[in-house]
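Here are my notes on this model, point by point. Please read them with the coordinates open.

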Amino acid sequence: MATSGVREDKYRTFLYGEGEKNTKWRFGSPPNYDIVNKLFEEGRTKVWPSGSLEEKVQNLVKTWEMEMFHKTCFDDYKSVDPKNYTFSLNGRKPVTLEEKRKLGGGYNTFLQTTLPEKFRAYNPAEETVDSSHVAFTTAFPRGLALEVLQVYSGPPVIVYKFRHWGYMEGPFKGHAATGEIVEFYGMSIFEVDEHMKVVKVEFFIDRGELLGGLMKGATLDGSTAEAASTCPFLRGTG
């Protein structure tokens, strides 16, 4: 049987095709998830049946994550309702897409903290969306994989437990690579409208689970850390 020849991602929609021809991508073109998909398939603990609620939620979350990290124009978001969308972390006040962008977007959104600055191993107040992307894609050159471990309720209020993991094969904030797996767990709530557009997201995570695993490596001197953190392959990761 002949195929259309149109590229697709097994786990994400709104990435390729006619509907994305005018999409503004952060790194100039759609990200390539082949490497992180392989990491996911090799390391996942659950294989959900095709068409199951769990598979649908997992793919929705992967699609949402892709759009948040890689699309620069809110109007290009198709998994969320940009006008009504809000995000909150660990019970904090919900923020809009524009407010989220002012926090630095990307990884910074998930690493907000009330710790005094002198105790911050990673300080989101000093990072931009690009500098944070460099830091994490350097530490995790194969990316961070995501799996949904359990879905407690379905639409319109989706509640699920998740796991993120990757291998620290590059340095992070002055700490040498360990080659070890770094993983963290969390809970999330996605509220969707009648069109299955996400309108509200809440995450509950311990940022120390992620950062603790990244601080195990030996301390690098300044010149070594700076040289090691240069990563020319950002477009296809995250």
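**Notes on the predicted model**

1. Start with R207. Leaving out residues up to four places away in sequence, R207 touches F110, L111, Q112, T113, L115, R120, Y122 and P124. Contact here means heavy atoms within 4.5 Å. R207 is found in helix α6 (residues 207-214). Helices (H or I, at least four residues) and strands (E, at least two) are DSSP runs, numbered from the N terminus.

2. On conventions: this is a predicted model, in which local features need pLDDT of at least 70 and side-chain atom pairs count only at pLDDT 80 or more, while totals for chains, interfaces and linings use all residues. Residues are numbered from 1 along each chain as its sequence is written, and side-chain values use heavy atoms, with hydrogens and water left out.

3. Is R207 buried or exposed? R207 counts as buried because its relative accessibility is 12%. The cut-offs are under 20% relative accessible area for buried, over 50% for exposed, and partly exposed in between (1.4 Å probe, protein chains only). The R207 side chain reaches the backbone oxygen of Y122 at 3.1 Å. A polar contact is a pair of N or O atoms within 3.5 Å; within protein, one must be able to donate a hydrogen and the other to accept it, and residues adjacent in sequence count only if both atoms are side-chain atoms. From R207 to E147 the C-alpha distance is 18 Å, with their positions 60 residues apart in sequence.

4. N59 is another buried polar residue to check. N59 sits in helix α2. Its relative accessible area is 19%, so N59 is buried. Neighbours within four places aside, N59 is in contact with K10 and Y11.

5. Next, the aromatic rings. Rings of Phe, Tyr and Trp (its six-membered ring) pair if their centres lie within 6.5 Å; planes under 30 degrees apart count as stacked, over 60 as edge-to-face and the rest as tilted. By this rule there are 19 aromatic pairs. One of them is F87 with F110, edge-to-face, at 5.5 Å centre to centre and 80° between the planes. This pair links distant parts of the chain: F87 is in strand β1 (residues 86-89) and F110 in helix α4 (residues 106-110), 23 residues apart. F87 counts as buried because its relative accessibility is 3%. F110 counts as buried too, at 16%.

6. F136 and F172 make a tilted pair, 5.0 Å centre to centre with 50° between the planes. Distant parts of the chain meet here: F136 belongs to helix α5 (residues 129-139), F172 to the loop between β3 and β4, 36 residues apart. Both are buried.

7. One aromatic cluster takes in W64, F87, F110, Y160, F162, F184, F190 and F203. Charges also meet rings. The charged end of K100 sits over the ring of F87, 5.9 Å from its centre. R163 lies over the face of W165, at 3.9 Å from the ring centre. The test is NZ of Lys or CZ of Arg within 6 Å of the ring centre and within 35 degrees of the ring normal.

8. Now the cores. A nonpolar core is a set of buried Ala, Val, Leu, Ile, Met, Phe, Trp, Tyr and Cys residues joined through side-chain atoms within 4.5 Å. The largest has 42 residues, and W64, F136, Y160, F190 and F203 have the most contacts inside it. Helix α2 (residues 53-70) gives the largest share, six residues. Apart from this core lies another of 10 residues, among them W25, F40, A145 and W165.

9. Last, the strands. Two strands pair if DSSP finds at least two bridges between them. Strand β2 (residues 145-153) runs antiparallel to β3, with seven bridges, and L146 has H164 as its bridge partner in β3. A hairpin of three residues joins β2 to β3. Strand β3 (residues 157-167) is antiparallel to β4 across 11 bridges; G166 partners V182. Strand β5 (residues 198-205) pairs with β4 in the antiparallel sense over seven bridges, where G186 stands opposite I205. The β4-β5 hairpin has five residues between the strands, and M196 in the turn has a positive phi of about 65°.

10. Which residues of β4 (residues 181-192) point to the buried face? V182, F184, G186, S188, F190 and V192 do. I181, E183, Y185, M187, I189 and E191 point to the other face and are not buried.
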